[in-house]
Amino acid sequence: MNIYGASGHGKVVFDILKSRNIQIDSVFDDNLEVEEFLDFRVIHKPNEDQLKNPTVLAIGNNAIRKQVASKFNGVISEAISHFSAMISENSKMAAGTVVMPGAIINSGSRIGKHCIINSGAVVEHDVRLEDFVHISPNAVLTGNVSVAEGTQVGTGASVIPGVKIGKWASIGAGAVIIEDIPDFAVVVGNPGKIIKYLDEQR
């Protein structure tokens with residue numbers, strides 16, 4: 001398995017792979033200033049043979065992760081999870097998704113491609129996450145919540161049942177979301193209030 005992203009997020013992905021006794025073959029990164037990552041020499045231009053191994057995109061920023069995924073010509077890994085995560089056998093996760101230590105994904109949930117379910121996050125029953133979503137540490141999505149592409153739900157945020165959150169929105173740390181949120185909205189507070197809208201160029 002390869003890791004694309006020699007960063008802090010990459011270190012957590014490294015630990016997840018180690019927790020599953022998955023061999024790490026190479027570490028890639030576009031940043032030429034990054035030469036070493038843990039015990040690996042960082043490869044800036046992987047060759048065809050190196051790209052034959054499955055690769056997980058260990059990039060925390062949703063927009064950058066999408067950009068890299070769109071141009072990456074190697075093999076994307078299946079979803080990976082830390083051994084301590086609790087994942088229902090009746091849930092589904094698409095390729096490239098990463099589930100961190102202590103996260104919970106309950107029955108009927110559907111997780112898109114290249115999502116991050118961070119440490120201690122709770123994804124309750126029948127939740128729908130589109131591609132490139134990031135659920136931050138200890139955030140809670142209750143039943144039947146849906147989150148559109150590219151949105152980040154901040155650390156410790158809570159979303160009540162049935163709420164729909166639009167694409168590329170940003171939910172602040174500790175926010176409590178009690179109503180639907182439109183695309184590109186930045187929301188903070190309890191109850192959550194929209195304070196601005198993000199640039200729609202994604």
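This short presentation describes the interface between the two domains of the protein chain in a predicted model.

Good morning, colleagues. The domain assignment divides the chain into domain 1, residues 2-71, and domain 2, residues 80-197. Their C-alpha centres are 24 Å apart. On the domain 1 side, 16 residues take part in the contact, and on the domain 2 side, 19 residues do so.

Let me turn to the area of this interface. The size of an interface is often given as the accessible area lost when the parts come together. For domain 1 and domain 2, the buried area is about 1400 Å², and carbon and sulfur atoms account for 67% of that area. Which three residues supply more than any others of the area that domain 1 buries against domain 2? They are I16, N62 and R65, which contribute 37% of that area.

I come next to the polar side of the interface. Between the two domains there are 8 residue pairs in polar contact, counting those with both residues at pLDDT 80 or more. The interface also has 1 salt bridge. As for salt bridges, E149 forms one with K66, and the closest N and O atoms of that pair are 2.9 Å apart.

Finally, I consider the secondary structure on the side of domain 1 that touches domain 2. Helix α1 (8-19), strand β5 (54-57) and helix α3 (62-71) each provide at least two residues there. Of the elements on this side, α1 gives the most, with 6 residues. Sorted by class, this side of domain 1 comprises 9 nonpolar, 4 polar and 3 charged residues.

Thank you for your attention.

Methods: Residues numbered from 1 in each chain as written. Predicted model: local features only at pLDDT ≥ 70, side-chain atom pairs only at ≥ 80, totals over all residues. Heavy atoms only, no water. Domains from an automatic or database assignment. Contact = heavy atoms within 4.5 Å. Buried area = accessible area lost by both parts, 1.4 Å probe. Salt bridge = Lys/Arg side-chain N within 4 Å of Asp/Glu carboxyl O. Polar contact = N/O pair within 3.5 Å; in protein donor to acceptor, adjacent residues only side chain to side chain. Helix = DSSP H or I, 4+ residues; strand = E, 2+ residues; numbered from the N terminus. Nonpolar A, V, L, I, M, F, W, Y, C, P; charged D, E, K, R; others polar.
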